[in-house]
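Here is a quick walk through one model, written for someone who likes cut-offs stated up front. Have the sequence and the coordinates open as you read.

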Amino acid sequence: MHRRRNQIETGARGEEIAAKFLESRGYRVVSRNYRCPGGEIDLVAWQGRTLVFVEVRTRRTQDVIAAAGSVGHQKQLRLLRAARHFMSHHELDFSETRFDVVVVVGTGEETHCEIVCDAFQDL
């Protein structure tokens, strides 16, 4: 149980760092930890006229590609379901959407973020 609590705390810290990172790049975060039946989205943000659904991965190592790639097909489908629910719930019929992955690398004061834009082009 202690390990799971650490993972949850690390994930929450990573999401906070990712939100600040996105805001510093001009995104406007409008939702955090959006949950619905069948899925969850870490962050939802506007970048200009594009609605961006963001999956956050927090890692201790520098392997950004592996972290971004760790969002498997089943997780992508859950993200898609949650994105559709979000858009329906907020009455958005918006064609400019995409899925990004933000990888928060490191722990403590030595953290940095990398973003993979339009990470799930197959959806």
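## Strand pairing and the sheet

Valine 105 has histidine 112 as its bridge partner in strand 5. That bridge belongs to an antiparallel pairing of strand 4 (residues 97-105) with strand 5, which holds five bridges. For the terms: strands (E, at least two residues) and helices (H or I, at least four residues) are DSSP runs numbered from the N terminus, and two strands count as paired if DSSP finds at least two bridges between them.

Before going further, some housekeeping. This is a predicted model, so local features need pLDDT of at least 70 and side-chain atom pairs count only at pLDDT 80 or more, while totals for chains, interfaces and linings use all residues. Residues are numbered from 1 along each chain as its sequence is written, and side-chain values use heavy atoms, with hydrogens and water left out.

Strands of a sheet pair through backbone hydrogen bonds, either parallel or antiparallel. Here five strands make an open sheet in the order 1-2-3-4-5, with mixed pairing. Strand 1 and strand 5 (112-116) are the edges, each pairing on one side only. On average, neighbouring strands of this sheet are turned by 30° against each other, direction ignored; the axes behind such angles are lines fitted to C-alpha atoms, for helices over the stretch in contact, and angles run from 0 to 180 degrees between N-to-C directions. Helix 3 (residues 73-89) packs on the sheet, where it touches strand 1, strand 2, strand 3 (50-59) and strand 4, and its direction makes about 60° with that of strand 2. A contact, by the way, means heavy atoms within 4.5 Å.

At the other edge, strand 1 (residues 28-36) runs antiparallel to strand 2 (residues 39-47), and seven bridges join them. Arginine 32 has leucine 43 as its bridge partner in strand 2. The hairpin of these two strands has two residues between the strands, and glycine 38 takes a positive phi near 90° there.

## The whole protein

Taken together, the protein has three helices and five strands, following the pattern α-β-β-β-α-α-β-β along the sequence. Of contacts between residues at least 6 apart in sequence, 57% join residues at least 24 apart. The exposed area is about 7,500 Å², with carbon and sulfur atoms supplying 46% of it; accessible areas come from the Shrake-Rupley method with a 1.4 Å probe, and for residues only the protein chains shown count as cover. Of the 123 residues, 41% are buried, where buried means under 20% relative accessible area, exposed over 50%, and partly exposed in between (1.4 Å probe, protein chains only).

## Cores

In soluble globular proteins, nonpolar side chains tend to be buried together. A nonpolar core here is a set of buried Ala, Val, Leu, Ile, Met, Phe, Trp, Tyr and Cys residues joined through side-chain atoms within 4.5 Å. The largest one has 19 residues, and Ile41, Leu51, Phe53 and Phe99 have the most contacts inside it. Strand 1, strand 2, strand 3, helix 3 and strand 4 each supply at least two residues of this core, and helix 3 gives the most, with six. Apart from it lies another core of 15 residues, including Leu22, Val54, Cys113 and Ile115.

## Some single residues

| Residue | Relative accessible area | Class |
|---|---|---|
| Serine 31 | 15% | buried |
| Asparagine 33 | 29% | partly exposed |
| Glutamate 55 | 4% | buried |
| Cysteine 113 | 14% | buried |
| Cysteine 117 | 42% | partly exposed |
| Aspartate 118 | 35% | partly exposed |

What does glutamate 55 touch, leaving aside residues up to four places away in sequence? The list is Asp42, Val71, Lys75, Leu79, Asp100, Val101 and Val102. Glutamate 55 sits in strand 3. Serine 31, in strand 1, touches Asp42, Leu43, Val44 and Phe86 with the same sequence neighbours left out, up to four places away.

Two residues take a positive phi although they are not glycines: asparagine 33, at about 50°, and aspartate 118, at about 55°. Asparagine 33 lies in strand 1, whereas aspartate 118 lies in the segment after strand 5.

As for the cysteines, a search of the whole structure finds zero disulfides, a disulfide being a pair of cysteine sulfur atoms within 2.5 Å.
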